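User: I'm new to this one, so please walk me through it in small steps.

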Amino acid sequence: VSQNRRVLSIQSHVVYGYVGQYTVELAATFPLQILGFDVDPLNSVHFSNHGGYPTVTGERLEGAQVAKIVQGLEANGILQEYSHLLTGYIGRASTLEVVSDLVKKLRAANPALKFVLDPVMGDDGRLYVSAEVVPIYRDVLCPLADVITPNGFETSLLTGVNVTSTQTAIDACEKLHEIGVPTVIITSAELQDRNDQGTSDVLHLIASHRPSSARFVIPFQKISGVFTGTGDLFAALILAHLADVPQNTDETAYLKRACERAVACMQGVLKKTVERNEEKARRMGLGESSDKATFLRCHELAIVQARVWLENPKAVCRATDI
Ligand code: ADP
Ligand code: PLP
Ligand code: ZN
């Protein structure tokens, strides 16, 4: 069994900005490297920039093209090197089928392989991949994953449950366990029964683990702004912080710690991002115009600038059992 910390990461590559691989190169390769991982990026798409911009150009790889790359890795005996598989934005049914074959090959080569699956499909009620991938994530890939990190919308696509309260969060987690996922992390939702102040600036992460019956919620401050790439960075951080669990220890405590750390890192990165973009908007003299609104939707995560948070997360958000 490989003792390496080597991640095969299948995500989008954008030339400009911080999502997918670029996030992986600089916030997953970057944090994963800081945290001691080698990272091998396999690009699912090659775009100019992320989908928050008015124009996106570039290509999506066909499943057969991804399969060819896998063939080369296999022929050279490289598959046994991987301790982790991380998948993000893929968006194509044929590629998801290739990934499902790949997981089986990776597990045959290393039975201890961990598969962290971010089922990237959409956000805030908007699908940004074709609808045909939804049942493939649910029926084919989720049952193979060790950890999944859907956002609230993706959770509703996978389970049919709209997560708006503690009870619906529990129902959604149960459905995802039934599909066969041991560790479920719903990265953000608004749990109305936990929002005492009735304000809209609190979000919740909900995590649940089987066979232990651990289930907890972490409230965190909602930072105002439209961000792209947060889920990509979050999944990479979870992978890194879950990798240290020694055999036969309390996995629950590690899961809590990993989620608290990842949320703390995200707070640091997003605060730095807002600060940097407000400053750039001021320098550009955008004032409070509609140009400023467009500018703020297009902004990029300040991953490099928030390096200190990635290296040294301070948990400021605490988990509560539910
Ligand atoms: P995705 O980017 O995949 O839609 P989320 O929006 O849930 O996923 O973001 C992933 C993580 O990033 C969250 O768990 C949270 O820690 C952080 N995050 C994202 N958006 C915000 C926000 N507006 N304020 C604070 N944290 C955020
Ligand atoms: N990759 C690309 C190219 C995207 O356009 C997006 C979202 O628009 C993502 C990845 C996923 O972003 P997030 O991490 O915010 O879910
Ligand atoms: Zn996402």
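User: How far is a backbone N or O atom of Asp232 from an oxygen atom of ligand 2?

Analyst: First, this is a predicted model, where local features need pLDDT of at least 70, side-chain atom pairs count only at pLDDT 80 or more, and totals for chains, interfaces and linings use all residues; side-chain values use heavy atoms, without hydrogens and water. Residues are numbered from 1 along each chain as its sequence is written, with chains lettered from A and ligands numbered from 1 in the order written. A polar contact to a ligand is a pair of N or O atoms within 3.5 Å. For the backbone atom of Asp232 and the oxygen of ligand 2, the distance is 2.9 Å.

User: How much of ligand 2 does the protein bury?

Analyst: Accessible areas come from the Shrake-Rupley method with a 1.4 Å probe. Taken alone, ligand 2 exposes 400 Å². The buried part of that is 93%.

User: Which residue has a polar side-chain atom 2.7 Å from a nitrogen atom of ligand 2?

Analyst: The shell around ligand 2 has 14 residues, counting those with a heavy atom within 4 Å. Among the closest are Gly51 and Gly229, and a polar backbone atom of Gly51 is 2.9 Å from a ligand oxygen. The side-chain atom at 2.7 Å from the nitrogen belongs to Ser12.

User: Which element gives the most to the shell around ligand 2?

Analyst: Helices (H or I, at least four residues) and strands (E, at least two) are DSSP runs, numbered from the N terminus. Two elements, β1 and α7, each supply at least two residues of this shell. The top contributor, with three residues, is α7.

User: What share of ligand 1 does the protein cover?

Analyst: Ligand 1 is surrounded by 15 residues, and β9, β11, α7 and α8 each supply at least two of them. Its oxygen atoms include one 2.6 Å from a side-chain N or O atom of Ser188 and one 2.8 Å from such an atom of Asn151. On its own the ligand has 540 Å² of accessible area, and the protein covers 91%.

User: Which strands stand at the edges of the sheet?

Analyst: Two strands pair if DSSP finds at least two bridges between them. Ten strands form an open, mixed sheet in the order β3-β2-β1-β4-β5-β8-β9-β10-β11-β12. Each edge strand has a single partner, so one side is left without a neighbour in the sheet; these strands are β3 and β12.

User: In β5, which residue is the bridge partner of Leu86?

Analyst: Strands β4 (residues 84-87) and β5 (residues 114-117) run parallel, joined by four bridges. The partner of Leu86 is Val116.

Conventions: A polar contact is a pair of N or O atoms within 3.5 Å; within protein, one must be able to donate a hydrogen and the other to accept it, and residues adjacent in sequence count only if both atoms are side-chain atoms.
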